[in-house]
Amino acid sequence: MPPHLGLVCITASTAVRYRTITRKRLLEHSLDGQRKLLDELYRSNIQVLDNALRYCEAEGIRLYRMPSSLFPFSDEDIGREVLAPFAATLARTGARALERGIRLVMHPDQFVVLSSDSAGVVENSVKILQMHADIMDLLAQPRTPWALLEIHGGKADRDDALVANIARLPDAIRCRLGLENDEYAYSASEIHAICLRTGVPMVFDAHHHIVHEKLDSYEDPSVGEMLDKARATWVVPEHQLVHISNGRTSFNDRQHSDLISTMPSSYARAPWIEIEAKSKEDAINGLAGWRAAAG
């Protein structure tokens, strides 16, 4: 089977666009007004999510990363209250995704730092992760890395704290958690070691790897080696997920380019690939020839 390529959050076209709201705007209203605003926003975003899944099905896209801001403020009491009545609707949406073989994943934002030396930051990180896990539960997604919640290692040189805090996570989070290498704090080999200690799968990002190691090619032997080491951390190797992007102005530019012009040859054996390119579905479409050759 050729790799499955994944769409990240929105489309370059206007086909998939979600609504959001700032805290400032929300707090301008009474509690009843806040509930009304969130109810309207959640209804709209559920419809957009359904549209996104239909879009993925029509385009043959089997992986969809839902936005972290799918249900703003649902990590707070008022958001949980407003979201709760949509449980049956969301369960139907999630069931349709499973029936159609569309994998749903999430990538909580940069405020999730489980390795922080601040107890408050760690507490808030768990709160944000719990919101994502609650969304996955509402969507009736399995408590396995199939419904991945992928995060970075966070604060550098805090391996033991990261391992300890992962061990304390509620099952709904920990059973879905994956760790991704990054450009600065945690190299691929360092994240791999933490994944072995925690029993969570590694999400290998080849672009982060080449930036961190200052490599000049995706064909460096370490790329394929880390891909294989990462796969061994997955209980179901066929569910391994990796990321790809290209540098915008140069090979080692950490900023993402619009399209993917260079793929690691080793990624032909990666079962699931999230395409982290600015042009979204255009980048996926541009990889049709590569994907056919990989199969």
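This briefing looks at salt bridges, one helix pair and one histidine in the structure above. The model is predicted, so local features need pLDDT of at least 70 and side-chain atom pairs count only at pLDDT 80 or more, while totals for chains, interfaces and linings use all residues. Residues are numbered from 1 along each chain as its sequence is written, and side-chain values use heavy atoms, with hydrogens and water left out.

**Salt bridges**
- The whole structure holds 20 salt bridges (a side-chain nitrogen of Lys or Arg within 4 Å of a carboxyl oxygen of Asp or Glu).
- E274 and R65 form one of them, at 2.6 Å from N to O, and join strand β8 to strand β2 across 209 residues (strands are DSSP runs of E, at least two residues; helices are runs of H or I, at least four).
- E274 is buried, with a relative accessible area of 1% (buried means under 20%, exposed over 50%, partly exposed in between, with a 1.4 Å probe and protein chains only).
- R65 is buried too, at 9%.
- R65, E150, E274 and E276 are linked in a salt-bridge network.

**Helices α6 and α8**
- Here α6 (residues 159-167) packs against α8 (residues 188-198) at about 35 degrees, with axes 10 Å apart (axes are lines fitted to C-alpha atoms over the stretch in contact; angles run from 0 to 180 degrees between N-to-C directions).
- R197 in α8 and D160 in α6 tie these parts together through a salt bridge of 3.0 Å, N to O.
- D160 is exposed at 53%, whereas R197 is partly exposed at 48%.

**H209**
- H209 sits in helix α9 (residues 206-213) and is buried, at 5%.
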